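Let's take a friendly walk through a protein fold, piece by piece. Keep the picture beside you as you read.

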Amino acid sequence: MAPSSSTPRDAGRAIPRFDQIETDRLLIRRARLDDVDTLHERRNDPTTAAFQAWAVPYPREGSQELIDSVVAADGVPPGDGWFQVVIDERSTGDTIGDLALHLTFGGRCAEIGYTFAAAARVKGYATEAAAALATWCIDVVGVSRVSAQMHPDNVASMRVAERIGMEYE
């Protein structure tokens, strides 16, 4: 998959624009302004927040600001902050989660994260989506390292990381 365009970031290195990734069951796409409600719902799920850095209730303004900032980035992940993409189930078109991407060292390293609606868990979607994003980071962005950090009690996320080839450090 080739990037549609790029924008210079981080010491002159171009970070490719993210458009979308399709897997067998998922469409991983750029966020749109109308994604605020589904993001806000996921951020307010206590079973999700238990393993994240945010508290419930999560303010709607926070969801709006996050979506606004990602949409304003026009698909180009920043070299110094987090970038979110949205995961839709292809068969239904329903939004089921999101992926987070944090590029560091001038786009040479990537940290990824994943959050799914409760109804979309334990179906292999997280593994499918995380593997697709990690592959995009390596093949398109050209990173040399993809990592993930998670709460030490989040065994399900640890298993996803292991299934896509990450090792515990």
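Is the crossing of α1 and α3 left-handed or right-handed? It is right-handed. Keep in mind as you look that this is a predicted model.

**Two packed helices**

Two packed helices are described by the angle between their axes and the distance between the axes. Helix α1 covers residues 36–43 and helix α3 covers residues 60–72; their axes are 9 Å apart and make an angle of about 130°. That angle makes α1 oblique to α3. On the α1 side, the contact is made by Val36, Asp37, Leu39, His40 and Arg43. Facing them from α3 are Arg60, Ser63, Gln64, Leu66 and Ile67.

**The sheet**

Now turn to the strands. Six of them form an open sheet with mixed pairing, in the order β3-β4-β5-β6-β7-β8. At the edges stand β3 (20–22) and β8, and each has a single partner strand, so one side of each is left without a neighbour in the sheet. On average, neighbouring strands of this sheet are turned by 25° against each other, direction ignored.

Here are three of the strand pairs, with their bridges.

| Strand pair | Sense | Bridges |
|---|---|---|
| β4 (residues 26–30) and β5 (residues 82–89) | antiparallel | five |
| β6 (residues 95–104) and β7 | antiparallel | eight |
| β7 and β8 (residues 145–147) | parallel | three |

You can find one example of facing residues in each pair. Leu27 stands opposite Asp88 in β5. Ala100 has Gly113 of β7 as its bridge partner, while Cys109 is partnered by Arg145 in β8.

How does the chain cross from β7 to β8? The path goes through helix α4 (residues 125–141), and this β-α-β crossover is right-handed.

**A closer look at β7**

In a regular strand the side chains alternate between the two faces of the sheet. Try following this along β7: Cys109, Glu111, Gly113 and Thr115 are on one side, with Ala110, Ile112, Tyr114 and Phe116 on the other. Are these two faces covered or uncovered? Both are covered, since all of these residues are buried. Eight of the eight residues of β7 (residues 109–116) are buried, so this strand is largely enclosed by the rest of the structure.

**Residues in the loops**

β6 and β7 form a hairpin with four residues between them. Phe105 lies in the loop between these strands. Its phi is near 50°, a positive value in a residue other than glycine. Phe105 is exposed, with a relative accessible area of 65%; the cut-off for exposed is over 50%.

Asp74 is also not a glycine, and has a positive phi of about 55°. You will find Asp74 in the loop between α3 and β5. Asp74 counts as partly exposed, at 37% relative accessibility.

Asn154 sits in the loop between β8 and α5 (155–163). Is Asn154 buried or exposed? Asn154 has a relative accessible area of 11% and is buried, because buried means under 20%. The C-alpha atoms of Asn154 and Ala120 are separated by 16 Å, and these residues are 34 apart along the chain.

Finally, look for Pro57 in the loop between α2 (46–49) and α3. The peptide bond from Val56 to Pro57 is cis, with omega near 5°.

Terms used. Residues numbered from 1 in each chain as written. Predicted model: local features only at pLDDT ≥ 70, side-chain atom pairs only at ≥ 80, totals over all residues. Heavy atoms only, no water. Buried < 20%, exposed > 50% of the residue type's maximum accessible area, 1.4 Å probe, protein only. Pairing = 2+ DSSP bridges. Right-handed = clockwise from strand over helix to strand, strands pointing away. Axes fitted to C-alpha atoms, helices over the stretch in contact; angles between N-to-C directions. Parallel < 35°, antiparallel > 145°, perpendicular 65-115°, else oblique. Left-handed = near helix turned anticlockwise from the far one by under 90°. Contact = heavy atoms within 4.5 Å.
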